[in-house]
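Biologist: I am new to this structure and would be grateful for a close look at a single part. Please take one salt bridge as the starting point, and then place that part in its wider setting.

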Amino acid sequence: MESTPWHALTVEETLKRLESRAGGEHAQAGLTAAEADGRRVRFGRNELPRRRPPSSLRLLLRQFANFFVGVLLFAAALAYTVSFLPGEEGRRLTAFFILGIVALSVALGFFEEHRAQKALEALDRLLTFKATVLRGGAPRRIDAAEVVPGDLLILSQGQKVAADARLIEARGLRADESPLTGESVGVDKSPRPVRPDAALSEQTDMVFGATHLTHGTGLAVAVRTGPATEVGRIAATLEAMAERPTPFQIEVRRMAGQMTALVGVLSLFVALILLFVLHESWIDVALNTVSLAVATIPESLPVVLIFALALGARQMADRKGVVRRLSVVESLGSVDTICTDKTGTLTQNRMTVERLYADGRAVPIGPELAADPTLSEALRAGLLCNEAVIEDGLFPKIIGDPVDTALLRAAQASGLDLSGERARLPKTNAIPFSSDRKRMTTIHLRGDRFIAYSKGAPEEVLARCTTLLSGGRVAPLTEACRREIDQILRRWEGEAWYLIALAQKEIPSADLGGVEEGMTFLGLQALIDPPRPDAAQAVAQAKEAGIRVVMITGDNAQTARAVARRLEIGDRSVEAVELDGLSKEDLRVRMREIDIVARATPQTKRQVLQALQKEGHIVAMTGDGVNDAAALRQADVGVAMGERGTDIAKEASDMVLLDDHFATLLAAVEEGRRIFDNIRKFTNYLLSTSLGEVFVVLTLSAFGYFPLTAKMLLWVNVVTDLIPAAALAADPAVPHIMRRRPRRHDEPILNKALYATIAGSVFRTLIAYGLIFWIGLRLGDVTYARTMLFTSIVLHAFTRVLVVRQLDHLSFWSNRALLWSYGAAVALQLLALYTPLRHLFGIIPLDGRAWGVMLPVVALSSLTGVYMTRWILRRVPMW
């Protein structure tokens, strides 16, 4: 049944195949309750199989699928195992510390992803809705999920269609199919069958599940339900697509692999020195190698990474963007191409009258038009020949077809009183709109006579006019006037305006006979779905940030170009059919020169994204409809609309925009760039401090000293690594962050500039720490020197943070959290020095001589670091 071309069958053939009944005047029409129950067992409920959100346990376990976490768990297991050897009980504390870091990292990641999941569940607006069906000839209102093939659906304006259905009757019926096809203009419906090979957008005798009826009434028979519907087929395609790792996840794995390799090389180097140079025993070699390996790994890095991403997710949520996966936060900062839908994202998704042509004049809509007798009559015609409803209340609301509501708003904006005009000229009769006639006419009582108003396609209305209104008087519609109107029509149609012609005729009675002949032409109203007020600025900001914007829409090329020109996206357009036959290589080449892809199908959108990704681009895709779901899943960052997005689009996405604004996506990109900058800074900081500690231990050990115990290394990791690094994650964005190019897809977190600064830092700190330890030995014993070195590392950490921030030229006071974190670190170190806590570390209180050495050396080392970093960045650019 799924493969049956229902749109090509007649109503009779359709009912026969479905074993359903329309019936005269609907007597015994539709299915019986027993038949419906039987078909529900056979075809299932009319709902899509929803992917269950991951359970809390699964979310928790997902946090362990992280290379860093795996390395830390291995290090903890190794330290714990060694702790059972004689004299190595202290290693157990190391193991518990590492496990505590892992637990904190996992808890942070779990909490943030669980919060995002709950926020999206609350956002989901597609709750159970009702459908009206004929069962046994009587109308019944049931849950849409209970509809089965063969049910007769009673259709009316404002409804959401419950299933794919073949029309039996249609009275001025029009549907908004943008969630399925991307078309911004409603589709007129008729029961007449269409050709078997008609595209989805051309199947005018069908209505589809998840679309909305904006005009008219009708009767249809359900032909496909649940997964068999057009929406269901797209959902099935989505299920078959595997989730792709984000660029950031790939990069973190790469960095973790590099760090693991570094730890391995250092451990091997240390083992060789201890074994062949210092002639240590095998057991001592193993223990010291494990100590240094654990010290080299920046245990705080996973926690700070999660903290930075969580902080970014919170900032994005404050700016109306909810991320579904934390790793997407940074990926947004890498985006260099945005493929965006037109309707509702770049535009307002609200048809608007912007121009009026009447009496030989083309004028913008404005409050002064009501005073002009000719212009106001053209606006009045749009107001009265209209089926939109005005809901009274504290804030009156206009409800109806997008074109009708636009005509009412235009009349209101021009100074006409909507309710007053309708009350003064009450409607007495009407000829409804149909796709065959392409026009509608209403009759209104004016005093003791009647007046007819018509609106519709310009060619249809003009063909029935013999006069026109000029200067408030009726004048002949001459050939010269017709040519002028034709010129306006051609020019405005070329600019992609949706045009409505208006006419009137005074008649003696409300009789409809001949009412549409010999009418008086009033004018043209030009409508468009205008760009959002902030869209042009957002597109300009994207270009300034080095991000290419490509419009991919289901609308026609002419309309898409008109919007793209306004927003300065470009006007190099192509229709999807022109791309369908291209090879993958040809498509890649073609997409280098294309700004707009029109009449795009779900398959086209996905192929375009794949072509861009093959070119090495990091691509974000926006979408709201069912037809966007596959592309959202394919994109590096899929962005769904929160206000009008379907549940399938949201489920396929990585991020949801709560306000549907393109500008919000740019704000998220800015936040992503800030987070990446901060990740680079604290990764630089953690690696340089960890490696500095390792090399000083390694160097001094070669001279027969073991300067830092395992407990000291643990304390330093907490006080100087975790707290300041977490504060670095909150660093503000640099002013020029959206004026630089996106980073390349293959550019690592640790690039040449960072490796150079880390190497310089290790060399500098090795000299400073070695000097402090050497002076400490001259001023006291080994314990005194060890205490000086231990304290100097904590003092030096903050100055290292200042050096790292030279990468962004940020002011000293721009991050108060960083200042507080350093104050906390120094306070904790003073507690360790001057309270009984010192006995835990085996250190002694320091006198003024020690401080007189440590402070100048640390200050000089830091000042050297500032100038060294600037010198490196001038020769090895960061970006």
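Modeller: In this predicted model, Arg439 is buried, because its relative accessibility is 9% and the limit for that class is under 20%. The side chain of Arg439 meets that of Glu460 in a salt bridge, with 3.5 Å from N to O. Arg439 belongs to strand S15 (residues 439–446) and Glu460 to helix H15 (residues 458–462), so this pair ties together parts that are 21 residues apart in sequence. Glu460, the acidic partner, has a relative accessible area of 21% and is therefore partly exposed. The bridge thus joins a buried residue, Arg439, to a partly exposed one, Glu460.

This pair may be set beside others, since the structure holds 44 salt bridges. One of them is formed by the side chains of Asp372 and Arg361, at 3.0 Å from N to O. Asp372 is placed in the loop between strand S11 (361–364) and helix H12 (373–384), while Arg361 is part of strand S11, so the two tie together parts that are 11 residues apart in sequence. Here the acidic residue is the buried one: Asp372 has a relative accessibility of 17%. Arg361, by contrast, reaches 32% and counts as partly exposed.

A further salt bridge links the side chains of Glu615 and Arg588, with an N to O distance of 3.1 Å. Glu615 sits in the loop between helix H21 (602–614) and strand S24 (619–623), and Arg588 in helix H20 (residues 584–590), so that parts 27 residues apart in sequence are tied together. Both partners are partly exposed: Glu615 has a relative accessible area of 25%, and Arg588 has a relative accessibility of 22%. Elsewhere, salt bridges with shared partners connect Asp37, Arg40, Arg45, Glu47 and Glu146 in one network.

The wider setting also includes contacts between helices. Helix H11 (residues 327–334) and helix H24 (residues 662–702) have axes that come within 6 Å and cross at roughly 100°. H11 is therefore roughly perpendicular to H24, as the range for that class is 65 to 115 degrees. On the H11 side, Val329, Glu330, Leu332 and Gly333 take part; they meet Leu665, Ala668, Val669, Gly672, Arg673, Ile675, Phe676 and Ile679 of H24.

Helix H27 (residues 782–804) and helix H28 (residues 816–834) show another arrangement, with axes that come within 10 Å and cross at roughly 175°. These two helices are therefore roughly antiparallel to each other. H27 contributes Thr787, Phe790, Thr791, Val794, Leu795, Phe798 and Val801 to the contact, and H28 contributes Leu818, Leu819, Tyr822, Ala825, Gln829 and Leu833.

Finally, there is a nonpolar patch on the surface. Leu57, Leu60, Leu61, Phe64, Leu73, Tyr80, Phe84, Phe96 and Leu99 make up this patch of about 850 Å². Two or more of its residues come from each of helix H3 (56–62), helix H4 (67–82) and helix H5 (91–123). H3 supplies the largest share, three residues. Leu60 is located in H3, and its relative accessible area of 32% makes it partly exposed.

How values were computed:
Residues are numbered from 1 along each chain as its sequence is written. This is a predicted model: local features need pLDDT of at least 70, side-chain atom pairs count only at pLDDT 80 or more; totals for chains, interfaces and linings use all residues. Side-chain values use heavy atoms; hydrogens and water are left out. Patches are made of residues with over 30% relative accessible area and no salt bridge: like charges are joined within 9 Å, nonpolar side chains (Val, Leu, Ile, Met, Phe, Trp, Tyr) within 5 Å. Accessible areas come from the Shrake-Rupley method with a 1.4 Å probe; for residues, only the protein chains shown count as cover. A salt bridge is a side-chain nitrogen of Lys or Arg within 4 Å of a carboxyl oxygen of Asp or Glu. Helices (H or I, at least four residues) and strands (E, at least two) are DSSP runs, numbered from the N terminus. Buried means under 20% relative accessible area, exposed over 50%, partly exposed in between (1.4 Å probe, protein chains only). Axes are lines fitted to C-alpha atoms, for helices over the stretch in contact, and angles run from 0 to 180 degrees between N-to-C directions. Angles under 35 degrees count as roughly parallel, over 145 as roughly antiparallel, 65 to 115 as roughly perpendicular and the rest as oblique. Contact means heavy atoms within 4.5 Å.
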